[in-house]
Amino acid sequence: MATEKTLVLLKPCTLQRGLIGEITSIFERKGLHLCGLKMMQLDDRILSEHYAHLAEKPFFQRVKDSMMAAPVVAMCWEGVGAIEVVRALAGPTNGRNAAPGTIRGSYSMSFQENIVHASDGPETAAAELRRFFKPEEIFEWTSCSDSFTYACDEK
Ligand code: ADP
């Protein structure tokens, strides 16, 4: 399985509820490798692109408004199979249906206010990382704990 990079957005609800550190530490403790991190105020243009697949939904504008209600924290995490690993950590969209132990299952009571965005596949991850990060904001660095995170044939 390949090493992948994926986009995570910690949503405005996460900032407002004082959960940025707690959620970030879940990805760190898992053994994912942090390649990019920044705070951003999103606008309608970037959100219309990011959520284009929801454009026909009745809640489209409401979801965009909730993503503009405060800044987000954008992160790039890397790891073997990172896209699926991060989606599994996040859990299903509706926090009320998400299993306890997942991020949404542990921290969200809502379909909309669900703590994190996580890329859902290799093409979307690449496009979303380009959307939220300039190339120079993604850092390639060597983790000295890699040999304790993976077996020698896993990475
Ligand atoms: P996910 O974030 O799990 O990949 P989607 O891409 O389908 O889910 O939706 C993007 C975001 O839009 C969700 O994370 C959630 O905040 C919001 N959303 C999706 N479906 C609904 C819904 N039925 N009601 C309210 N908000 C929704």
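A residue counts as partly exposed when its relative accessible area falls between the buried range, under 20%, and the exposed range, over 50%. Lys38, with a relative accessible area of 21%, is therefore partly exposed. The model described here is predicted, and Lys38 offers a handy way into its charged pairs.

Side chains of opposite charge can pair when their charged atoms come close. Across the whole structure, a search finds seven salt bridges. In one of them, Lys38 is joined to Glu137, with 2.8 Å between the closest N and O atoms. Because Glu137 sits in the loop between H7 and H8 while Lys38 belongs to strand S2 (residues 33-40), this pair ties together parts 99 residues apart in sequence. Glu137 is partly exposed too, at 21% relative accessibility.

The loop that holds Glu137 also contributes Glu140, whose side chain meets that of Lys5 in a salt bridge (3.0 Å, N to O). Here, too, distant parts of the chain are linked: Glu140 lies between helix H7 (122-132) and helix H8 (146-149), and Lys5 lies in strand S1 (residues 3-10), 135 residues apart. Glu140 is exposed, at 59% relative accessible area, whereas Lys5 is partly exposed, at 24%.

A more local arrangement is found in helix H3 (residues 44-50), where Arg45 and Glu49 are four residues apart, about one turn of the helix. These two residues form a salt bridge with 3.8 Å between their closest N and O atoms. Arg45 is exposed at 56% relative accessibility, and Glu49 is partly exposed at 40%. Finally, Lys5, Glu78 and Glu140 are joined into one network by salt bridges that share partners.

Key. Residues are numbered from 1 along each chain as its sequence is written. This is a predicted model: local features need pLDDT of at least 70, side-chain atom pairs count only at pLDDT 80 or more; totals for chains, interfaces and linings use all residues. Side-chain values use heavy atoms; hydrogens and water are left out. A salt bridge is a side-chain nitrogen of Lys or Arg within 4 Å of a carboxyl oxygen of Asp or Glu. Helices (H or I, at least four residues) and strands (E, at least two) are DSSP runs, numbered from the N terminus. Buried means under 20% relative accessible area, exposed over 50%, partly exposed in between (1.4 Å probe, protein chains only).
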